[in-house]
Amino acid sequence: MSGEKVILKVENLTKKFGGVTAVNQVSFDVKEGEIFAVIGPNGAGKTTLFNMITGVLPVSAGEVFFENKKLTRKKPYQIAKAGITRTFQNLEVFSNMSVIENVMTGAHLTMKTNLLTAGLRLPSVTKEELKIMELAMECLDRVGISHLAHELSITLPYGNQRLLEIARAAASNPKLILLDEPMAGLNPEESRKLVDVILKMRADGMTFVFVEHDMETVMSISDRIVVVDNGVKIGEGTPDEIYQNPKVVAAYLGDEEEEEVFA
Ligand SMILES: Nc1ncnc2c1ncn2[C@@H]1O[C@H](COP(=O)(O)OP(=O)(O)O)[C@@H](O)[C@H]1O
Ligand SMILES: [Mg+2]
């Protein structure tokens with residue numbers, strides 16, 4: 001369960017694209033061991049928020065702290081090294097690599113060896129490579145697809161490619177994983193599998209922040225939820241609190257019934 005230690009602090013984070021403010025002074029704290037959801041309509045700024053936290057996009061204003069250290073304006077690889085990794089809204093597996101090779105690229109993010117020195121095949125590197133392969137296999141095992149290690153990634157069904165992405169994220173030995181719409185495109189059985197993996201990894205100490213449209217999943221696995229609309233945070237709380245927040249209901253509802261929103 002979630003402790004009280006804040007692991008990620010987002011403070012007045014702001015992103016402007018020309019005249020458009022995609023993220024407008026958003027602040028929230030994520031506690032260690034939490035499953036924390038970011039929800040909001042399309043275009044609300046959720047992916048942009050992730051892009052700023054992971055250093056993919058420079059912030060226009062505001063700060064990101066991870067374990068009390070300022071990460072703002074650090075490079076993506078430095079942020080990965082600090083212990084934050086992510087998956088992308090659109091599947092980004094290397095389709096021409098085997099499943100295990102994909103996961104090994106995740107491990108390379110934080111290992112001593114980089115792909116260049118690995119290419120030289122020095123004896124010390126070979127040892128390191130073996131270690132990386134073992135670690136990759138462990139990560140595949142954690143998401144339940146180690147039996148597919150030597151398949152070509154492109155041949156995997158969509159749900160397994162999502163699990164592969166999570167295994168690759170886990171291979172960089174993160175403390176926090178950001179998932180951008182992990183359930184998108186999955187059938188109910190695949191979604192259940194993914195939920196099980198997330199819950200199991202959390203039980204082992206992982207912290208998750210995820211963007212998701214599937215409200216059933218959001219409401220059932222999140223400890224806390226932040227709601228953004230038009231770049232602005234309009235609500236924060238437990239699933240019960242969000243469900244009863246009039247601002248949130250109004251932003252999502254339009255003319256429809258409340259039940260349909262969270263159905
Ligand atoms: N690289 C970019 N350049 C310009 N505008 C962008 C860029 N990325 C996102 N936006 C705009 O920022 C807003 C928020 O987008 P996004 O973060 O993708 O929303 P969400 O993930 O919540 O659907 C949208 O209006 C989108 O068009
Ligand atoms: Mg998005």
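## Who surrounds ligand 1

Helix 1, spanning residues 46-53, is the top contributor to the shell around ligand 1, supplying three residues. Keep in mind that this is a predicted model. The full set of neighbours reads Phe17, Ala22, Pro41, Asn42, Gly43, Ala44, Gly45, Lys46, Thr47 and Thr48. By character, that shell splits into five polar residues, four nonpolar and one charged.

## Polar contacts to the ligand

Let's look at the oxygen atoms of ligand 1. Gly45 brings a backbone N or O atom to 2.9 Å from an oxygen of ligand 1, and Ala44 has a backbone N or O atom 3.2 Å from a ligand oxygen. Thr47 joins in through its side chain, where an N or O atom sits 2.9 Å from an oxygen of ligand 1. On its own, ligand 1 has 560 Å² of accessible area, and the protein covers 58% of that.

## The magnesium site

Thr47 turns up again at ligand 2, the magnesium ion, which is coordinated by OG1 of Thr47 and OE1 of Gln89 at 2.0 to 2.3 Å. Those two residues tie together distant parts of the chain, 42 residues apart: Thr47 belongs to helix 1, while Gln89 is in the loop between strand 6 (84-86) and helix 3 (99-108).

How do the two metal partners fare for exposure? Thr47 has a relative accessible area of 25%, so this residue counts as partly exposed. Gln89 comes out at 30%, so Gln89 is partly exposed as well. The reasoning is simple: buried would need under 20% and exposed over 50%, so values in between are called partly exposed.

How values were computed. Residues numbered from 1 in each chain as written. Chains lettered and ligands numbered in written order. Predicted model: local features only at pLDDT ≥ 70, side-chain atom pairs only at ≥ 80, totals over all residues. Heavy atoms only, no water. Near = heavy atom within 4 Å. Polar contact = N/O pair within 3.5 Å; in protein donor to acceptor, adjacent residues only side chain to side chain. Areas by Shrake-Rupley, 256 points an atom, 1.4 Å probe, with all protein chains shown as cover. Helix = DSSP H or I, 4+ residues; strand = E, 2+ residues; numbered from the N terminus. Nonpolar A, V, L, I, M, F, W, Y, C, P; charged D, E, K, R; others polar. Donors = N, O, S within 2.8 Å, 3.2 Å for Na, K, Ca; no water. Buried < 20%, exposed > 50% of the residue type's maximum accessible area, 1.4 Å probe, protein only.
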